[in-house]
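Colleague: I am new to reading protein models. Could you take me through one, feature by feature?

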Amino acid sequence: PKVICKVFEDNKSCIEIATNHKTRARTKHLSVRLHHFRSYVVNKIIDIQHISTNLQMADMFTKPLSKDKFEFHRDKLMSWIPTASSRGSEKISRLRMMTPIQQL
């Protein structure tokens, strides 16, 4: 079976570099890893999809977040559905755990 890996990226410039083969002065220094990754994109083994910065779960591992954002990403990662009583907010009680594609 053919496996397609989905990569969710919130940086449009990064998506452009990975999908476009034009060499620019600022991208000449990029390593062999980019070209290896790009070959998977061209061969449609990796599918890069844009995602809103607010929905990028990787941020909780790479940068400091506010308590609310951290808990939002933690709950999505753990597939928890918060209730109004656990967070004290009606807005969060309506939250459904969806994949980023479903939220777009």
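Colleague: Let me start with one side chain. Is tryptophan 80 buried, partly exposed or exposed?

Modeller: This is a predicted model, so keep that in mind throughout. Compare the relative accessible area with the cut-offs: under 20% is buried and over 50% is exposed. Tryptophan 80 has 42%, so it is partly exposed.

Colleague: Where does tryptophan 80 lie?

Modeller: Tryptophan 80 sits in the loop between H4 and helix H5 (84-87). Serine 79 comes just after H4 and takes a positive phi of about 60 degrees.

Colleague: Which residues form a nonpolar patch on the surface with Trp80?

Modeller: Phe61, Leu77 and Met78 join Trp80 there. Together the four have about 450 Å² of accessible area.

Colleague: Now the whole chain. How many helices and strands does the protein have?

Modeller: Seven helices and two strands. Read from the N terminus, the order is β-α-α-β-α-α-α-α-α. The protein has 104 residues, and 22% of them are buried.

Colleague: Which residues make up the largest nonpolar core?

Modeller: Look for buried nonpolar residues whose side chains join up. Here the largest such core has five: Ile15, Ala18, Val41, Ile46 and Ile48. Helix H1 (12-19) and S2 are the elements that give two or more residues to this core.

Colleague: What is alanine 18 in contact with, leaving aside neighbours within four places in sequence?

Modeller: Two of its contacts are fellow core members, Val41 and Ile48. Alanine 18 also contacts Leu34, Phe37 and Arg38.

Colleague: What about contacts across the chain? What share of those with a separation of 6 or more is between residues 24 or more positions apart?

Modeller: That share is 43%.

Colleague: Next, charges. How many salt bridges are there?

Modeller: First the general idea. Side chains of opposite charge can pair when their charged atoms come close. In this model the count is two. One joins aspartate 59 to lysine 63, with the closest N and O atoms 3.7 Å apart. The other joins arginine 74 to aspartate 75, at 3.2 Å from N to O.

Colleague: Are the partners buried or partly exposed?

Modeller: Take each pair in turn. Aspartate 59 is buried, because its relative accessible area is 8%. Lysine 63 has 42%, so it counts as partly exposed. In the second pair, aspartate 75 is at 3% and therefore buried. Arginine 74 is at 25%, so it is partly exposed.

Colleague: Which residues of helix H4 are buried?

Modeller: Aspartate 75 is one of them. The others in H4 (residues 67-77) are Glu71, His73 and Lys76.

Colleague: Which way does the backbone turn at lysine 44? What is its phi?

Modeller: Its phi is positive, about 60 degrees, although lysine 44 is not a glycine. Lysine 44 belongs to the loop between helix H2 (32-42) and strand S2 (46-50). At 59% relative accessibility, it is exposed.

Colleague: Last, confidence. Which element has the lowest mean pLDDT, and which the highest?

Modeller: Helix H6 (residues 90-93) has the lowest, at 44, and S2 the highest, at 91. Over residues 88-99 the pLDDT is below 50, and this stretch has 19 contacts in the model beyond near neighbours in sequence. Where pLDDT is low, the predicted coordinates should not be read in detail.

Colleague: And what is the mean pLDDT of the protein?

Modeller: The mean is 76, with 67% of the residues at 70 or more.

Conventions: Residues numbered from 1 in each chain as written. Predicted model: local features only at pLDDT ≥ 70, side-chain atom pairs only at ≥ 80, totals over all residues. Heavy atoms only, no water. Helix = DSSP H or I, 4+ residues; strand = E, 2+ residues; numbered from the N terminus. Buried < 20%, exposed > 50% of the residue type's maximum accessible area, 1.4 Å probe, protein only. Core = buried A, V, L, I, M, F, W, Y, C linked by side-chain atoms within 4.5 Å. Contact = heavy atoms within 4.5 Å. Patch = residues over 30% accessible without salt bridge, like charges linked within 9 Å, V, L, I, M, F, W, Y side chains within 5 Å. Areas by Shrake-Rupley, 256 points an atom, 1.4 Å probe, with all protein chains shown as cover. Salt bridge = Lys/Arg side-chain N within 4 Å of Asp/Glu carboxyl O. pLDDT = per-residue confidence, 0-100.
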